Amino acid sequence: MARPVKRGLSYFPLDTDFLTDRKIQRLARKYQHTGICTYLTLLCEIYRTNGYYIPYSPELCFDIGFTLQMEDKLVAEIIDFCLEVHLFNKPLFELRRVLTSEAIQQRYLVICKKKLVTVDPALFIGVSDTKTGVSDTKTGVSDTKTGVSEAITPVSGAITPVSGAETTPKGKGKESEIKSNKENGEKIDKTTGAQRMAELIRIYQDATGDCPDA
């Protein structure tokens with residue numbers, strides 16, 4: 001029996017400019033290091049369990065609070081602030097009561113592209129790229145092949161036969177031309193030979209006209 005595909009991740013990348021993100025800076029200004037630690041712990045739980053989301057519940061707030069040694073009420077308050085600054089997707093949270101975001105889903109799909117995993121359409125944010133599975137937030141247009149082939153059109157200026165003109169098979173025209181030239185040449189040679197013979201007889205008669213007969 002095949003082993004079931006693991007949905008959760010063993011690791012996830014963290015951008016080096018994480019702390020310069022405006023949303024993270026707002027979180028740090030309001031809750032200092034406690035807010036940053038809470039958000040990072042939530043990310044770890046999201047990637048570890050389902051890969052790209054986690055259901056929200058009082059038990060989740062309790063577990064995060066237990067891990068960080070803080071009140072679960074404060075955890076819930078920090079999560080609400082993360083939703084307000086769009087670190088998590090608020091419309092989807094209100095509809096499905098899950099914590100996720102477009103960035104989390106993109107990162108998950110890039111990491112798992114060799115596993116052929118997908119995101120639940122009911123939770124997916126953005127428009128999927130059919131090649132990579134990563135949403136394109138700039139254009140919102142998926143990259144798909146149309147399957148329309150390019151038709152071949154005739155070349156302009158092609159030579160067409162004139163109506164009523166006789167067509168000559170390849171090679172026959174050349175043969176007829178050679179034969180015609182040969183016949184004309186023979187006629188010219190015969191005419192020239194007869195003229196030359198008459199000229200020679202005339203010269204001979206002129207030369208011997210005054211000579212006595214032998």
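Is Q32 buried, partly exposed or exposed, and what is its relative accessible area? In this predicted model, Q32 is partly exposed, with a relative accessible area of 45%. The residue lies in helix α1, and its phi is near 55°, which is a positive value in a residue other than glycine. A positive phi of about 55° is also found at Q69, again although this residue is not a glycine. Q69 is placed in the loop between α2 and α3, and with 67% relative accessibility it counts as exposed.

The chain contains six helices and two strands, and from the N terminus on its elements follow the order α-β-α-α-α-β-α-α. Of the 214 residues in the chain, 25% are buried. When contacts between residues at least 6 apart in sequence are considered, 59% of them join residues that are at least 24 apart.

In soluble globular proteins, nonpolar side chains tend to be buried together. In the present model, the largest nonpolar core comprises 41 residues, and those with the most contacts inside it are L27, Y39, Y56, I79, F88 and L99. Two or more residues are given to this core by each of α1, α2 (58-68), α3 (72-84), α4 (90-96), β2 (98-99) and α5, and the element that gives the most is α1, with nine residues. The surroundings of F88 can be described in further detail: when residues up to four places away in sequence are not counted, F88 touches Y39, L42, I46, C82, L83, L99, T100, S101 and I104. Among these partners, Y39 and L99 are themselves listed, together with F88, as residues with the most contacts inside the core.

A polar side chain in helix α5 was examined in the same way. Q105 has its place in helix α5, and at 1% relative accessibility it counts as buried, because the limit for a buried residue is under 20%. With residues up to four places away in sequence again left out of the count, Q105 touches Y52, T100, V119, L123, F124 and I125. T100 is thus a contact of Q105 and also a contact of F88.

A search of the whole structure finds three salt bridges. One of them is formed by D15 and R107, whose closest N and O atoms are 3.9 Å apart, a separation that counts because the criterion is a distance within 4 Å. This pair links distant parts of the chain, since D15 belongs to the segment before α1 and R107 to helix α5, with their positions 92 residues apart in sequence. Both partners count as partly exposed, D15 at 43% relative accessibility and R107 at 21%. A further salt bridge joins E45 to R48, with the closest N and O atoms 2.7 Å apart. E45 and R48 are three residues apart in helix α1, so that about one helical turn separates them, and E45 is partly exposed, its relative accessible area being 23%. The remaining salt bridge is that of K90 with E84, for which the closest N and O atoms are 2.6 Å apart. K90 counts as partly exposed at 26% relative accessibility, and E84 is likewise partly exposed, with a relative accessible area of 46%.

Open space in the model was considered last. Rolling a probe the size of a water molecule over the atoms shows where empty space is left. The largest pocket has a volume of about 480 Å³; it is lined by 24 residues, of which D21, K23, Y39, L87 and A103 are the closest to its centre. The elements that give two or more residues to this lining are α1 (22-49) and α5 (102-111), and α1 gives the most, with five residues. By residue class, the lining of the largest pocket divides into 13 nonpolar, four polar and seven charged residues. Y39 therefore appears in two settings, as one of the residues closest to the centre of the largest pocket and as one of those with the most contacts inside the largest nonpolar core. Helix α1 likewise gives the most residues both to the lining of the largest pocket and to the core.

How values were computed: Residues numbered from 1 in each chain as written. Predicted model: local features only at pLDDT ≥ 70, side-chain atom pairs only at ≥ 80, totals over all residues. Heavy atoms only, no water. 1 Å grid on protein atoms, 1.4 Å probe; cavity = no way out; pocket = protein on both sides within 12 Å on 5 of 7 lines; lining within 4 Å. Points joined across faces, edges and corners; volume = space filled by probe spheres on them. Helix = DSSP H or I, 4+ residues; strand = E, 2+ residues; numbered from the N terminus. Nonpolar A, V, L, I, M, F, W, Y, C, P; charged D, E, K, R; others polar. Salt bridge = Lys/Arg side-chain N within 4 Å of Asp/Glu carboxyl O. Buried < 20%, exposed > 50% of the residue type's maximum accessible area, 1.4 Å probe, protein only. Core = buried A, V, L, I, M, F, W, Y, C linked by side-chain atoms within 4.5 Å. Contact = heavy atoms within 4.5 Å.
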